[in-house]
Structure formats: C-alpha cells, structure tokens
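Reader: I'm new to this structure and a bit lost in it. Could you pick one part, look at it closely, and then show me how the rest fits around it?

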Amino acid sequence: MRRFAVLLGCLLVLTGCASTGEPPMTPLQSRANVDLPRYMGRWWVIANIPYFAEKGKVATADVYTLRPDGHIDNVYVYRKAFDKPEKQMSGVARVVPGTNDAQWRIGFFGGLVKADYLVLEVASDYSWALIGHPKRNLAWIFSREPRMEAAKYEQLRAKFAAYGYDPARLQRVPQFPDQVGQPGFQ
C-alpha cells in the first residue's frame, strides 16, 4: 500500500511538472456540412503537419470511396521518392453520427490503429478542403488538383489560425519533382 502511495505521489509531481501553465484548449470541432458523395474521390495532399507515416513522402493523396454499408474506404497513396513506385496504405472510416458528415473515425491495419478526422472547411465547389484533428496536432490542406498556386496556399494555410493552429507548422508536400527542395516544402 505504501508503494502505491509513493508511486501515485511521483506521478502527480511529474504531471505537475509537465504542465505548461496555459489552460488546455478545448477539443477542435467542425461546423462544416459535408456532402459525402461529393466529397468522395481523390484529394491531393498539398500540405500537412507531418507525422511519422507521412514524413518525407511525395506525390501523396487520399482516395475516398463510399461503400454500400455507409462506411468509407480510405486509401492513402504515396511515393518515397519520385523515382520510386507508388505505394498504398488502406483504412476504413465511419462517419460520427450527428456531425454533418464532417467527423470521421478511420481504422487502419484492421482497426488496430484509429485516427480522428475533421473536415473543418470545404470549398463550395469542393476544389479544396481543410482537415484537422481534435487535439490540433495534425492538419492537412487537400486539393482536387495536384498543384496549387502559392497565393491560394497561403490563404488556406492562414485559415488554420482561426482553429487554434500555428499555420507555420504546415509544410507543403511535393507533388512534382520541381517542388523538391523549394522553400516551404518537406
């Protein structure tokens, strides 16, 4: 019993040391209204806050297909370099009820790994979308076209500040060889 009390005390001290002194942000929520059939198809990943599975990848895209059971097949396509073959990672998403089809739970590797997905905004013509995560540690700018003009990119990137993100964390993903090594690209 005494060991448990000491362990609990140590955990409380460590938790206190880890505090930043800032109040925690409320989880990010979306107010977007998504037309799921219109949202399906290929979305090029123009920029992201890279994490281990996406770091260093090029020519990346997410391809969504609505299934008859209401779930969504999610295929992430990428290359490790432009001279390397295209690879895929597949998942299955389900829309969280009551979210206007804007929040999804995606399961990868047979559901062993789960990820939250929030459509924060989508263009009225479905030409671009801003994607976030409830904890604000992940974000993406999607486009129906693989190349986006710099002014449009900067405009979309700046929108993330209104959602509590630091837009500077977003890095462009090279979709074409001429983008590799350019400023702002991964």
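Author: Let's start with a term: two strands count as paired when DSSP finds at least two bridges between them. Keep in mind as well that this is a predicted model.

The part I'd pick is strand S6, which covers residues 113–122. Is S6 mostly covered or mostly open? It's mostly covered, with 7 of its 10 residues buried. S6 has a paired strand before it in the sequence and another after it, so let's take those in turn.

The earlier one is S5, made of residues 103–108. S5 and S6 run antiparallel and are joined by 6 bridges. If you want one bridge to find on screen, go to glycine 107, whose partner in S6 is lysine 114. The hairpin of these two strands has 4 residues between them, and phenylalanine 109 is where phi turns positive, near 55°. As background, most residues other than glycine have a negative phi.

Stay at that turn for a moment. Leucine 112 also sits in the loop between S5 and S6, and it counts as exposed because its relative accessibility is 75%, above the 50% cut-off. Leucine 112 is part of a nonpolar surface patch together with Phe109 and Val113, and the three have about 350 Å² of accessible area together. That brings in the start of S6 too, as the strand's range begins at residue 113.

Now the other neighbor. Strand S7, residues 128–132, pairs with S6 in the antiparallel sense over 4 bridges. Here the bridge to look for joins glutamate 121 to leucine 130 in S7. This hairpin has 5 residues between its strands, and tyrosine 126 is the one with a positive phi, near 60°. Is tyrosine 126 buried or exposed? Tyrosine 126 lies in the loop between S6 and S7, yet it counts as buried because its relative accessibility is 8%, under the 20% limit.

Glutamate 121 deserves a second look, as the bridge to leucine 130 isn't its whole story. Glutamate 121 also forms a salt bridge with lysine 159, with the closest N and O atoms 2.9 Å apart. That pair ties together distant parts of the chain, since lysine 159 belongs to helix H3 (residues 150–159) and glutamate 121 to S6, 38 residues apart. In general, side chains of opposite charge can pair when their charged atoms come close. Lysine 159 itself is partly exposed, at a relative accessible area of 27%.

Follow that link into H3 and you'll meet another charged pair. Glutamate 154 and arginine 157 both lie in H3, 3 residues apart, or about one turn of the helix. Their salt bridge has its closest N and O atoms at 3.8 Å. Glutamate 154 is partly exposed, at 40% relative accessibility. Elsewhere, salt bridges with shared partners join Arg67, Asp69 and Asp73 into one network. Within it, arginine 67 and aspartate 69 come to 2.7 Å between their closest N and O atoms. Both are partly exposed, arginine 67 at 26% relative accessibility and aspartate 69 at 46%. The structure holds 6 salt bridges.

A few buried spots round off the tour. Strand S2 takes in residues 58–66, and valine 58 is in it. Valine 58 counts as buried because its relative accessibility is 8%, and it touches several residues far along the sequence, including Tyr78, Phe82, Val173 and Pro174. Alanine 59, also in S2, has a positive phi of about 50° although it isn't a glycine. Alanine 59 is buried too, at 11% relative accessible area.

Val173 and Pro174 come up again with glutamine 179, which touches both of them along with Arg147 and Phe185. Glutamine 179 is in the segment after strand S9, and at 7% relative accessibility it counts as buried. Its side chain reaches the backbone nitrogen of glutamine 175 at 2.6 Å.

Technical notes:
Residues numbered from 1 in each chain as written. Predicted model: local features only at pLDDT ≥ 70, side-chain atom pairs only at ≥ 80, totals over all residues. Heavy atoms only, no water. Buried < 20%, exposed > 50% of the residue type's maximum accessible area, 1.4 Å probe, protein only. Contact = heavy atoms within 4.5 Å. Patch = residues over 30% accessible without salt bridge, like charges linked within 9 Å, V, L, I, M, F, W, Y side chains within 5 Å. Areas by Shrake-Rupley, 256 points an atom, 1.4 Å probe, with all protein chains shown as cover. Salt bridge = Lys/Arg side-chain N within 4 Å of Asp/Glu carboxyl O. Polar contact = N/O pair within 3.5 Å; in protein donor to acceptor, adjacent residues only side chain to side chain. Lists of a residue's contacts leave out its neighbours within four places in sequence.
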